[in-house]
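Q: I should like to learn how features of a protein model are read from its coordinates. Where does one begin?

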Amino acid sequence: MTRVRLVCAAIIVPAIFALVWLDFTLGQADWLGRPGVVLFVTTLFVGLMAASEVLHFEPVTSPRRIKPWAVYLATAIVIILAFAPVAYEHYPADCPVGRTGWLAFGMAATIGIAFFSVMAGYRRGDRVMNDVARTVLIVAYIGLLIGFWAAIRGHGDNAWGMTALLSLFVPVKLSDSLAYITGRLWGRNKLSPELSPGKTIEGLAGGVAGGVFGAFLVLYVVARWLTGESSPASWWWVVIFGVCVTLAGVAGDLAESLMKREGDVKNSSRWLPGLGGITDMIDSLLAAGPVVLAFWITGIFGPVPL
């Protein structure tokens with residue numbers, strides 16, 4: 001299984017780097033001038049795939065099944081609206097919707113779609129609120145949280161926006177990797193044996209170290225390479241950021257485990273042998289997105305707040 005995991009990683013990591021490079025290149029003014037175009041196409045695909053996986057977390061004993069078409073449609077709408085600012089060559093700074101306000105419109109549409117999906121086949125006595133609630137939950141978990149990636153990518157100009165996006169992906173994934181290695185080598189004390197038996201306190205400590213290192217790498221090295229200057233934030237802010245992002249990622253991982261336990265599912269799917277499914281790969285990124293955006297829009301990192 002470890003060999004399969006390494007092979008998958010050897011394929012996925014270069015592909016991600018290629019997508020990042022393409023998104024940054026097309027975001028430059030002398031190219032397409034639309035930062036986030038490649039990210040939009042990628043996240044729309046990833047979001048729909050993840051939504052299809054979470055649909056299978058529903059217990060087979062559930063009296064009714066939620067409508068897959070409603071989940072797919074609503075997830076797509078939320079992600080598309082989240083990336084609406086990409087359509088502008090120069091998104092107006094004084095737009096009353098801002099960048100995250102589009103997500104509210106998407107979730108409003110989701111509520112309507114969720115109710116409509118149970119109206120057509122409704123019979124008196126049907127208990128449908130569970131279906132409505134699960135539909136909204138899946139869309140919020142996947143579509144809404146992915147939507148924060150769009151706001152992070154759109155922070156500042158093309159270079160700072162890419163730096164902000166990498167400050168999500170690099171610390172979280174380094175944290176995941178180091179937590180796995182540390183847990184395998186020295187893990188003794190279980191972090192949450194019922195939810196995720198493989199996680200240990202020692203692994204968490206290693207994950208925090210990886211997250212902090214990733215934060216320094218992006219904010220002091222990658223930022224200078226992309227923007228010509230490193231983030232002006234003090235080193236202790238970077239440490240706080242790395243710790244917060246790591247803990248948010250762990251919480252996201254445990255949240256997905258909680259949902260899988262209800263559906264008696266081990267891996268979200270078999271799309272990625274040895275690594276689980278799409279949702280297993282992005283669960284920590286979903287939870288860490290709002291935390292990362294909060295640090296950037298408050299002006300702690302980057303040149304100026306939005």
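A: One may begin with burial: a residue counts as buried when its relative accessible area is under 20%. The model shown here is predicted.

Q: Is Thr 135 buried or exposed?

A: Thr 135 has a relative accessibility of 1%, so the residue counts as buried. Thr 135 lies in helix 5, which spans residues 129-153.

Q: Which residues does Thr 135 touch, leaving aside those up to four places away in sequence?

A: Contact means heavy atoms within 4.5 Å. With those sequence neighbours left out, Thr 135 touches Ile 66, Ala 70, Val 71 and Ala 114.

Q: How many of the residues in the chain are buried, as a percentage?

A: Of the 306 residues in the chain, 48% are buried. The accessible surface of the chain is about 15200 Å², and carbon and sulfur atoms account for 70% of that surface.

Q: What secondary structure does the chain have, and in which pattern?

A: The chain has nine helices and two strands. Along the sequence, the pattern reads α-α-α-α-α-α-β-β-α-α-α. As for contacts between residues at least 6 apart in sequence, 70% of them join residues at least 24 apart.

Q: How should the packing of two helices be read? Please take helix 2 and helix 3.

A: Angles over 145 degrees count as roughly antiparallel. Helix 2 (residues 37-55) packs against helix 3 (residues 68-82) at about 150°, and their axes are 10 Å apart. The two helices are therefore roughly antiparallel to each other. Their crossing is right-handed.

Q: Which residues of helix 2 and helix 3 meet?

A: From helix 2, the participants are Phe 40, Thr 43, Leu 44, Gly 47, Leu 48, Ala 51, Ser 52 and Leu 55; from helix 3, they are Pro 68, Val 71, Tyr 72, Thr 75, Ala 76, Ile 79 and Ile 80. Sorted by class, this contact has eleven nonpolar, four polar and no charged residues. Val 71, listed here for helix 3, is also one of the residues that Thr 135 touches.

Q: At what angle do helix 8 and helix 9 cross?

A: Helix 8 (residues 235-262) and helix 9 (residues 278-297) cross at roughly 140°, and their axes come within 7 Å. That angle makes helix 8 oblique to helix 9. The crossing is right-handed.

Q: Which residues take part in the contact of helix 8 with helix 9, and of what classes?

A: Among them are Trp 237, Phe 241, Gly 249, Asp 253, Glu 256 and Lys 260 in helix 8, and Asp 280, Asp 283, Ala 287, Val 291 and Phe 295 in helix 9. By class, the contact comprises eleven nonpolar, four polar and five charged residues.

Methods
Residues are numbered from 1 along each chain as its sequence is written. This is a predicted model: local features need pLDDT of at least 70, side-chain atom pairs count only at pLDDT 80 or more; totals for chains, interfaces and linings use all residues. Side-chain values use heavy atoms; hydrogens and water are left out. Axes are lines fitted to C-alpha atoms, for helices over the stretch in contact, and angles run from 0 to 180 degrees between N-to-C directions. Helices (H or I, at least four residues) and strands (E, at least two) are DSSP runs, numbered from the N terminus. Angles under 35 degrees count as roughly parallel, over 145 as roughly antiparallel, 65 to 115 as roughly perpendicular and the rest as oblique. A crossing is left-handed if the near helix is turned anticlockwise from the far one by less than a right angle, and right-handed if clockwise. Ala, Val, Leu, Ile, Met, Phe, Trp, Tyr, Cys and Pro count as nonpolar, Asp, Glu, Lys and Arg as charged, and the others, Gly among them, as polar. Buried means under 20% relative accessible area, exposed over 50%, partly exposed in between (1.4 Å probe, protein chains only). Accessible areas come from the Shrake-Rupley method with a 1.4 Å probe; for residues, only the protein chains shown count as cover.
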